[in-house]
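Please open the model in your viewer and keep the selection panel at hand. The stops below are meant to be followed in order.

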Amino acid sequence: MDYQVHTLANGIRLLYKHSPSNITHTCFLVNAGARDEPQQKDGLAHFIEHLLFKQTERRSTNQILNRLELVGADLNAYTTKEYTCIHASLLKQHLERTLDLFEDILFHSTFPQEELVKERSVILDEIASYQDQPEEAIQDDFEGLLFKGHALGNNILGTEESVNQLNRDDIAGFMQATYNTHQMVFAVIGDYDFSKLIKLTEKYLGTVPENTSTKHRQKPGKVKGEIITFEKPISQTHGVIGSLAYDSSHQHKSALLLVNNLLGGMGMSSRLNLEIREKHGIAYTIESNYTPLTDTGIFSIYFGTDAEKAEKAMRLIHKELKKLRDNKLGTLQLQQAKQKFVGQIALAEENRLSLIISMAKSLIDFNSIDTLQQVFDKIEATTAEQVLEITNEVFDNQSLITLLFEPKEEQE
């Protein structure tokens, strides 16, 4: 294998991939995200991620922020529906400094009340900012419809009402209930001796108290297809069409990733881009996405266009979906789709920060990581019959949800 793993006594795992570079990329991934929040506590996981950078038992906010920036390193974090991730890019000699900081902010943050008040205000501004970006807001609202009544439908940022109510007890309770040390990975891609890396990890993370808390994630149920329209103070129509899709361990995952790339993935030669933007010139942005989660998945197509062209855009999108449902891909079409996708994946490996985070997620989800060749083999194994089966299941009109943000008509 092209990676190495060491497990500490408390369950935290070190994941290492060698790369002969003077630049190191590292992350600390926790299997806890927005879907794990208690009811009426929307935005709690994201709130914690912000507050980790505020104050610890031995560092002030400025000391935390300057610890890596003073040596030219880049420190950041994000929250998803299922994970919390802190990551950094740095010169290789600064890894110990980085690990020391990771351990400090993750396990010794004090969450002072004055910082809660300040950061709550920052997040409320972030929520308002998203509402001013319809292309972002519509994705969140679409997921709210797709997972109606389920924690996966909650906005990662939370709502103004929920964020205003979050407190220190909520933070402590959430971290105790979800920050299971056996579901944490410290991952490094860089140029190190693995035995020395183990010693470094044992030094900083070996004393972290073990936490074996168990999360109770419930699989979302299916929802019926529907078309929902909202009027907004915007100048264009924004739309999302999509449905539930396969989870991350499903046998069809690789094939659906291939289909998604063919339909509306990266590059200008996707079917949706060629048909709707290049041929008809009616949408500046048209793309599709497939996001597999641990027990479900999200497939969606996003477009933005002038209001008078929206109906035609949707008609053309459905035409492309119908083509994939009704017509088996020819041998050459399928081979070209595979060749394009394999090439894009190989190029994406050059983004080593994204690579190491992806590897850490795989280790948490599957306790293993596919090699690049294994990934390619799964794509190559996709058949035209499989594509037909997938498209008829995922792109079924009965299960497609359509959400539209339309410009509000001016009152005379």
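Select Ile86 first, in this predicted model. Setting aside residues up to four places away in sequence, Ile86 touches Thr26, Cys27, Phe28, Leu52, Phe53, Leu75, Asn76, Ala77, Phe102, Ile105 and Leu106. Ile86 belongs to the largest nonpolar core, which has 51 residues. Add Phe28, Leu52, Ile171, Tyr179 and Phe186 to the selection: together with Ile86, these are the residues with the most contacts inside that core. Apart from it lies another core, of 39 residues, with Leu272, Ile317, Leu329 and Phe376 among them.

Next, select helix α10, residues 271–279. Which residues of α10 are buried? They are Arg271, Leu272, Asn273, Glu275 and Ile276. Display the elements around them: the cover over these buried residues includes α9 (253–264), β9 (285–292), β10 (297–305), α11 and α12 (331–348). Just after α10, select Gly281, where phi is positive, at about 60°.

Keep α10 in view and add helix α11, residues 310–326. The two helices pack at an angle of about 150°, and their axes are 10 Å apart. Since an angle over 145 degrees counts as roughly antiparallel, α10 is therefore described as roughly antiparallel to α11. Their crossing is right-handed. To see the contact, show Arg271, Leu272, Glu275 and Ile276 on α10 against Ala313, Leu316, Ile317, Lys319, Glu320 and Leu324 on α11. The residues of this contact comprise 6 nonpolar, no polar and 4 charged.

Now replace α10 with α9, leaving α11 displayed. The axes of α9 and α11 come within 11 Å and cross at roughly 140°. That angle makes α9 oblique to α11. The crossing of α9 past α11 is right-handed. Val259, Leu262 and Leu263 of α9 make the contact with Glu320, Leu321 and Leu324 of α11. Here the division is 5 nonpolar, no polar and 1 charged. Glu320 and Leu324 of α11 also appear in the contact with α10.

For the last stop, select Leu152, in the loop between α5 (134–146) and α6 (160–165). Is Leu152 buried or exposed? Its relative accessibility is 0%, so Leu152 counts as buried. Neighbours within four places in sequence aside, Leu152 is in contact with Arg35, Lys81, Phe147, Pro220, Leu293, Asp295 and Thr296. Finally, draw a C-alpha to C-alpha distance from Leu152 to Tyr83: the two are 69 residues apart in sequence and 12 Å apart in space.

Note on methods
Residues numbered from 1 in each chain as written. Predicted model: local features only at pLDDT ≥ 70, side-chain atom pairs only at ≥ 80, totals over all residues. Heavy atoms only, no water. Axes fitted to C-alpha atoms, helices over the stretch in contact; angles between N-to-C directions. Helix = DSSP H or I, 4+ residues; strand = E, 2+ residues; numbered from the N terminus. Parallel < 35°, antiparallel > 145°, perpendicular 65-115°, else oblique. Left-handed = near helix turned anticlockwise from the far one by under 90°. Contact = heavy atoms within 4.5 Å. Nonpolar A, V, L, I, M, F, W, Y, C, P; charged D, E, K, R; others polar. Core = buried A, V, L, I, M, F, W, Y, C linked by side-chain atoms within 4.5 Å. Buried < 20%, exposed > 50% of the residue type's maximum accessible area, 1.4 Å probe, protein only.
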